[in-house]
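User: Please take a close look at one part of this model and explain it in plain terms. I would like one connected account, with each technical word explained when it comes up.

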Amino acid sequence: MDAYVIDSAALRSNVELCSREMGRENIYAVVKDDGYGLGLLEYSRFLRACGLKRFAVTEPREAETLRLDGFGGEILMLRATSDPQELKQLVHAGTVCTVGSVRGYTALTDTARMLGCRAEAHLYMDCGMGREGFSLRERERLAALCRGNDSLFVSGLYTHFPNAAGPERSTRRRFAAFMQTVGAVRASGWTGIAHCAASVAALRFTDMRLDAVRLGSALLGRTEGPEGRELGLRPVGYIDAQIAAIRPVAAGQTLGYGSVWRAREDRQVAVLNVGYYHGFDTDHGSEPVCPGDYLRALVRPVRALLRGRRPAALVRGRQAPVLGRVAMQNTMLDVTDCGCTVGDRAILLCNPLMVRHLPREFI
């Protein structure tokens, strides 16, 4: 049976490496989007068993699910909301809410008063993402809000950088502005925590780790830049697909949609019943939106072609290049030198967030 397999040893190693580097108690384990595709409860339970106690989500139902499963530590909601029903769910679950506006602050206060309890929140500041948050210039307002009220306790200030993997100067400028605002608020007597680093920033800039870091892709071994590899992080998941057929392909024969691949000599080709419908050879957030994106989109495949690099699977310990285009439900591999047979397994690396229609297995 084809499946998405999570390598428990690799995942545990990533958690230990990040914990030693950044402090286990300082890590918010981000488990949004169904645990980054690994399964919210299965993944969160594993991380809890590894000693992580703070979790971060983006939906009220995720916070509720963790609480109902017995998660007693801090759960941070990473999305601001002023919706009364969502706020009621979050306060009931004892979630640390994100507040990014006066409207959200007022709505959370009103919800807590209605429920007869005191809610907890982190205030979010906009450092360039633009989707929500207070302006860094609103220092006096932030200081006033951080004093809280009888129904709301503000325990943190945070932000998220839009391009931590890009030019260092840009992120450092945003970091300096964030820290100036945090300093001004702290000068008013507030004593909460500050955090700004998600996975890429936490790995790349040690001085930006502050009081906490928010790790998602780092724990999965999927990060931009060399820092993750230097630390020893490795991908934790892969598609394990069974070879459904092996076909001889004669020199001159083409394969797949568009006939984009033609055999220069006789080859042995394996057929897998896995394709882009299942999430292989796809990615998210890569659509070109600016001139630089279009240039990279043009250069990347040319560079790969010149270097002779193609997507590949691992079959019996050997690299088996993907031939032609990945289809909706099929992928073809060159297994001429693999010595494999029908029923053997092929291992394909894949972004877990893109995996669909495959069962998950922890090994």
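Analyst:
**Asp 240 and its strand**

Asp 240 is buried, with a relative accessible area of 17%; buried means under 20% relative accessible area, exposed means over 50%, and partly exposed is in between, using a 1.4 Å probe and protein chains only. This is a predicted model, in which local features need pLDDT of at least 70 and side-chain atom pairs count only at pLDDT 80 or more, while totals for chains, interfaces and linings use all residues. Residues are numbered from 1 along each chain as its sequence is written, and side-chain values use heavy atoms, with hydrogens and water left out.

Asp 240 lies in strand β10. Strands (E, at least two residues) and helices (H or I, at least four residues) are DSSP runs, numbered from the N terminus. Asp 240 forms a salt bridge with Arg 345, and the closest N and O atoms are 2.8 Å apart. A salt bridge here is a side-chain nitrogen of Lys or Arg within 4 Å of a carboxyl oxygen of Asp or Glu. The pair links distant parts of the chain, since Arg 345 belongs to strand β17 and the two residues are 105 residues apart. Unlike its buried partner, Arg 345 is partly exposed, with a relative accessible area of 28%.

The backbone also joins these two strands. Strands of a sheet pair through backbone hydrogen bonds, either parallel or antiparallel. In this account two strands pair if DSSP finds at least two bridges between them. Strand β10 (residues 237-249) pairs with strand β17 (residues 345-349) in the antiparallel sense over five bridges. Across from Asp 240 in β17 stands Ile 347.

Strand β10 has other partners as well. Strand β1 (residues 3-6) pairs with β10 in the antiparallel sense over four bridges, and the bridge partner of Ile 6 in β10 is Gly 237. Strand β13 (residues 267-272) runs antiparallel to β10 and is joined to it by six bridges. In that pairing, Val 249 stands opposite Arg 267.

Gln 242 is another residue of strand β10. At 35% relative accessibility, Gln 242 counts as partly exposed. Contact means heavy atoms within 4.5 Å. Not counting residues up to four places away in sequence, Gln 242 touches Asp 2, Val 271, Leu 272, Gly 343, Asp 344 and Arg 345. Arg 345, the salt-bridge partner of Asp 240, is thus in this list too. Gln 242 is 60 residues from Val 182 in sequence, and the C-alpha atoms of the two are 54 Å apart in space.

For comparison, there is also an open sheet of eight strands with parallel pairing, in the order β8-β7-β6-β5-β4-β3-β2-β9. Its edge strands are β8 (193-195) and β9 (213-215), each of which pairs on one side only. Neighbouring strands of this sheet are turned by 30° against each other on average, direction ignored; the axes are lines fitted to C-alpha atoms, for helices over the stretch in contact, and angles run from 0 to 180 degrees between N-to-C directions. Within the sheet, strand β5 (residues 96-99) and strand β6 (residues 119-124) pair in the parallel sense over four bridges. Val 99 has Leu 123 as its bridge partner in β6.

The bridge at Asp 240 can be set beside others. Side chains of opposite charge can pair when their charged atoms come close. The structure holds 16 salt bridges. One of them joins the side chains of Glu 21 and Arg 209, at 3.2 Å from N to O. Glu 21 lies in helix α1 (residues 8-22) and Arg 209 in the loop between α9 (199-204) and β9, so this pair ties together parts that are 188 residues apart in sequence. Glu 21 is partly exposed, with a relative accessible area of 38%, whereas Arg 209, at 12%, counts as buried.

Another salt bridge is formed by the side chains of Arg 79 and Glu 59, at 3.1 Å from N to O. Arg 79 lies in strand β4 (residues 75-80) and Glu 59 in the loop between β3 (54-57) and α4 (60-68), so the parts tied together are 20 residues apart in sequence. Arg 79 is partly exposed, with a relative accessible area of 25%, and Glu 59 is partly exposed, with 27%. Arg 45, Arg 48 and Asp 69 are linked in a network of salt bridges.
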